[in-house]
Amino acid sequence: MVRRLTLIALAAAVAACGREPAPAAPESGPALSATARATLDRYQDQAREFAGAIDAGAGADELSAHADELLASADAVLPEFLSARPHCEPYLTAALRLGKLWTSLTPAQIEAGYHKDGELPAVADAASCYHMKDLVVHPLTALAHLAQDPPDAAAARREIDEVIAHVTVVRDMR
């Protein structure tokens with residue numbers, strides 16, 4: 001019961017943010033393995049540590065290391081996720097390009113291109129791909145906010161708070 005209420009609260013937090021449209025409910029598919037779910041649990045813990053580092057005013061190198069940990073965890077789950085949902089491959093491949101581009105984009109450009117899918121190809125059942133995409137996009141957006149002059153730690157923190165909700169959805173997808 002507590003887990004269900006937590007999921008409802010996290011979903012409400014993502015919807016209340018108003019920055020991203022709430023996708024339709026994902027199509028059912030195979031559940032992720034226990035190993036993948038454990039990796040996503042670690043991702044969630046890493047995201048919380050990243051949020052704590054932002055709150056503590058950590059330096060750029062430490063914050064970048066936290067983002068790298070999140071991206072490595074997402075990358076570890078990606079092959080299994082794509083095996084279960086192969087239609088997501090072009091969408092997620094395009095989203096992964098942000099890893100090389102984010103330093104040349106403003107947070108607003110990342111928002112339009114990657115959060116709102118303006119730079120991503122249309123795929124059937126994109127709702128089943130959406131939350132996995134955000135496990136990559138939100139940490140990079142947080143870094144973009146922190147790279148501004150002056151850095152926007154509050155916006156970066158919001159990105160990490162949002163990704164915590166997304167990781168729960170990916171972990172529990174069926």
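Let's start with Arg48: at 46% relative accessibility, this residue counts as partly exposed. In this predicted model, Arg48 pairs up with Asp45 in a salt bridge, and their closest N and O atoms sit 3.9 Å apart. That just makes the grade, because a salt bridge here needs the nitrogen within 4 Å of the carboxyl oxygen. Both partners belong to helix α2, residues 34–55, and three residues separate them, about one turn of the helix. Asp45 is partly exposed too, with 41% relative accessibility.

Now step back to the whole fold. The protein chain has eight helices and zero strands, so there is no need to hunt for a sheet, since strands would show up as DSSP E runs of at least two residues. The chain runs to 174 residues, and 44% of them count as buried. Take the contacts between residues at least 6 apart in sequence: 75% of those join residues at least 24 apart. On the outside, the chain exposes about 8,300 Å², with carbon and sulfur atoms supplying 57% of that area.

Back to the charges: the whole structure holds seven salt bridges. Asp117 makes one with Lys133, with 2.8 Å between the closest N and O atoms. Asp117 sits in the loop between α6 (107–115) and α7 (127–147) while Lys133 is in helix α7, so this pair ties together parts 16 residues apart in sequence. Asp117 is partly exposed at 23%, whereas Lys133 is buried at 0% relative accessible area. Lys133 also meets Asp134 in a salt bridge, 3.4 Å from N to O, and Asp134 is likewise buried at 0%.

Finally, look for Asp41, Arg171 and Asp172, which are linked in a network of salt bridges.

Methods. Residues are numbered from 1 along each chain as its sequence is written. This is a predicted model: local features need pLDDT of at least 70, side-chain atom pairs count only at pLDDT 80 or more; totals for chains, interfaces and linings use all residues. Side-chain values use heavy atoms; hydrogens and water are left out. Helices (H or I, at least four residues) and strands (E, at least two) are DSSP runs, numbered from the N terminus. Buried means under 20% relative accessible area, exposed over 50%, partly exposed in between (1.4 Å probe, protein chains only). Contact means heavy atoms within 4.5 Å. Accessible areas come from the Shrake-Rupley method with a 1.4 Å probe; for residues, only the protein chains shown count as cover. A salt bridge is a side-chain nitrogen of Lys or Arg within 4 Å of a carboxyl oxygen of Asp or Glu.
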